[in-house]
Every structure is written in C-alpha cells, then in structure tokens.
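Colleague: Thanks for making time to go through this model with me. Could you take me through its charged residues and its pocket?

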Amino acid sequence: MTAQASYSLPEGIVGLTGPVEKPAPGTLPLRGDLAHIALAKHYLAAHYVIPQPRNIGDAPATLMLAMRDDAEVGATLDAGQEVEVLDCAGDWAWVAYGPEGPSGYIRLGMLAASE
C-alpha cells in the first residue's frame with residue numbers, strides 16, 4: 001500500500017453472481033455490515049467505505065479480531081506504518097493494511113495524530 005492509494009466507486013451492477021467463500025477473520029477488510037470499497041465487485045456487504053489513510057503511532061500495534069482487549073490476536077503492524085481506517089466505534093478503530101488485509105481492531109490511541 002502506498003500513500004497515493006485511491007479507490008473509486010465500482011461501475012456497473014454490484015451483486016452476487018454465485019457462491020463466495022467467506023475469508024478468515026483478520027484477513028480481508030470485510031464484515032457483514034461493512035467492507036472496503038475495493039472489495040465491492042467480489043463481496044456483498046450492507047455498506048462499502050472509502051478508507052481514510054492514517055499511520056500507526058510510535059509503538060507497534062497488534063490487530064485484534066474483535067473490539068475487546070482480550071480478543072483473539074491478529075497481525076502486528078510496525079510503528080509508523082500506514083493503514084486505512086474503515087470504521088470507528090467508541091475508542092476502537094477498524095483498520096486494514098490495504099484491501100488485501102490484514103484487518104482488525106486497534107485502540108484509537110494507537111494511531112498517530114492526524115495532520
């Protein structure tokens with residue numbers, strides 16, 4: 001993923017054309033209610049989001065598979081690494097390292113201050 005990453009709305013009809021294998025948690029940025037806009041042609045979600053670029057703060061951040069401190073652990077992202085914020089709820093952010101993942105939840109305080 002680069003800082004110049006940009007996403008556009010899909011063209012044509014977006015819909016299911018057959019069975020789709022559900023990806024493992026913590027991989028693709030896809031939930032039942034929300035998905036990364038780049039996945040719109042391949043996965044059905046209630047809403048799609050164009051992510052907002054941010055960076056991990058001064059310490060590495062471990063992605064959690066749920067919005068709980070005791071949730072299953074996913075990938076760890078390096079300090080300063082650029083991520084894409086897809087959703088915020090309370091003091092948690094759902095982030096991805098691009099449309100191919102990994103994805104997961106981190107505390108908002110783990111993100112660097114926005115400029």
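Modeller: Happily, and a definition comes first: buried means under 20% relative accessible area, exposed over 50%, and partly exposed in between, with a 1.4 Å probe and protein chains only. This is a predicted model, where local features need pLDDT of at least 70, side-chain atom pairs count only at pLDDT 80 or more, and totals for chains, interfaces and linings use all residues. Residues are numbered from 1 along each chain as its sequence is written, and side-chain values use heavy atoms, with hydrogens and water left out.

Colleague: Which side chain of opposite charge is nearest to Glu84, and how many Å away is it?

Modeller: Glu84 sits in strand β6, residues 82–89 (strands are DSSP runs of E, at least two residues, and helices runs of H or I, at least four, numbered from the N terminus). Glu84 is buried but has no salt bridge, that is, no side-chain nitrogen of Lys or Arg within 4 Å of a carboxyl oxygen of Asp or Glu. For charge, Lys and Arg count as positive and Asp and Glu as negative, while His and the chain ends are not counted. The nearest side chain of opposite charge is Arg54, at 13 Å.

Colleague: Which side chain does Glu84 join in a polar contact of 2.7 Å?

Modeller: A polar contact is a pair of N or O atoms within 3.5 Å; within protein, one must be able to donate a hydrogen and the other to accept it, and residues adjacent in sequence count only if both atoms are side-chain atoms. The partner in the 2.7 Å contact with Glu84 is the side chain of His36.

Colleague: How many salt bridges does the whole structure have?

Modeller: Side chains of opposite charge can pair when their charged atoms come close. One such pair is Arg68 and Asp70, with the closest N and O atoms 3.0 Å apart; Arg68 is partly exposed at 45% relative accessibility, and Asp70 is exposed at 63%. A search of the whole structure gives a total of five.

Colleague: How many residues apart in sequence are the parts tied together by Asp91 and Arg107?

Modeller: These two form a salt bridge, with the closest N and O atoms 2.5 Å apart. Asp91 lies in the loop between β6 and β7 (92–96) and Arg107 in strand β8, so the parts that the pair ties together are separated in sequence by 16 residues.

Colleague: Which residues are joined into one network by salt bridges that share partners?

Modeller: Start from Arg31, in the segment before β1 (34–36), which counts as buried at 18% relative accessibility. Arg31 forms a salt bridge with Asp33, the closest N and O atoms being 2.9 Å apart, and its side chain also makes a 2.8 Å polar contact with that of Asp87. Asp33 is partly exposed, at 40%. The network consists of Arg31, Asp33 and Asp87.

Colleague: What is the volume of the largest pocket?

Modeller: On a 1 Å grid over the protein atoms alone, a pocket is an open set of points where a 1.4 Å probe fits, with protein on both sides within 12 Å along at least five of seven lines; lining residues have an atom within 4 Å of a point. Points are joined across faces, edges and corners, and a volume is the space filled by probe spheres set on them. For the largest pocket that gives about 390 Å³.

Colleague: Which of its lining residues are closest to the centre of the largest pocket?

Modeller: Strand β8 (residues 103–107) gives the largest share of the lining, three residues. Of the 22 lining residues, the closest to the centre are Lys22, Pro23, Leu30, Arg31 and Gly32.
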